[in-house]
Amino acid sequence: MTTNFFTRRKFAVRTASLLSGLGISATMFARQAPAANSGVQKLNYDGQPADGKQMITSLIVHNGLIYISGQGANDAGDVDKNDIESHTAKVMNNVKKLVEAGGGSMDSILQLTVYLGNLDYYDGMNKVFKGYFPNGGPARTTVSVAGVPGHSLLEINCIAAVTRK
């Protein structure tokens, strides 16, 4: 029985090391009951509690972080023009409003991902994007995708730190 215990323990340690090396947490496989009050706040565009009827929540605050779902140019009303500069400004204004509603600021954005409907939009997007970060931008990933929902030319999601209550 002792040998069996040590064999299982050695296997568990090796498996945890392997998973960790792959960037996978072993806790993913542990069964845990959800906490009664998990501290997850699902909010609407105005920072008020979401009604729970949406399939996707645009703004979630948890453990001092703000998670903003992908924002397209037509998510909060139609955009006036169909050019990358107008679409980028509309999306960044949506992101700004949501981050601020969650208790952060543009300077508290830690990571941001831009999904461009066409890589040719990169320079136009970047020109507008820079104006939103006069103190230096967040860590950013920009990728070109086959298409963006809602006839938007780009979509942006991000994670920010809560800086005020």
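This tour moves through a predicted model, from its largest nonpolar core to a pair of strands and then to the salt bridges.

**The core.** Begin by selecting I109, L112, F133, L154 and I156; of the 28 residues in the largest nonpolar core, these touch the most other members. Next, colour β2 (59–62), β3 (65–72), α2 (84–101), β4 (109–116), α3 (122–130) and β6 (154–161), the elements that each give two or more residues to this core. Helix α2 supplies the largest share, 6 residues.

**Around I156.** Centre the view on I156 and display its surroundings. Beyond its neighbours within four places in sequence, I156 is in contact with S69, G70, Q71, V91, M92, V95, L112, T113 and V114.

**Strands β4 and β5.** Now select β4 together with β5 (residues 139–144): the two strands run parallel and are joined by 6 bridges. Q111, for instance, has A139 of β5 as its bridge partner. Adding α3 to the selection shows a right-handed β-α-β unit made of β4, α3 and β5.

**The salt bridges.** The structure holds 2 salt bridges. For one of them, select D46 and K97, whose closest N and O atoms are 3.6 Å apart. D46 is in the loop between β1 (41–43) and β2 while K97 belongs to helix α2, so this pair ties together parts that are 51 residues apart in sequence. D46 counts as exposed at 55% relative accessibility, and K97 is partly exposed at 42%.

Finally, select K96 and E100, whose side chains form a salt bridge with an N to O distance of 3.8 Å. Both residues lie in helix α2, 4 residues apart, about one turn of the helix. E100 is partly exposed, with a relative accessible area of 34%; K96 is also partly exposed, at 33%.

Methods: Residues numbered from 1 in each chain as written. Predicted model: local features only at pLDDT ≥ 70, side-chain atom pairs only at ≥ 80, totals over all residues. Heavy atoms only, no water. Core = buried A, V, L, I, M, F, W, Y, C linked by side-chain atoms within 4.5 Å. Buried < 20%, exposed > 50% of the residue type's maximum accessible area, 1.4 Å probe, protein only. Contact = heavy atoms within 4.5 Å. Pairing = 2+ DSSP bridges. Right-handed = clockwise from strand over helix to strand, strands pointing away. Salt bridge = Lys/Arg side-chain N within 4 Å of Asp/Glu carboxyl O.
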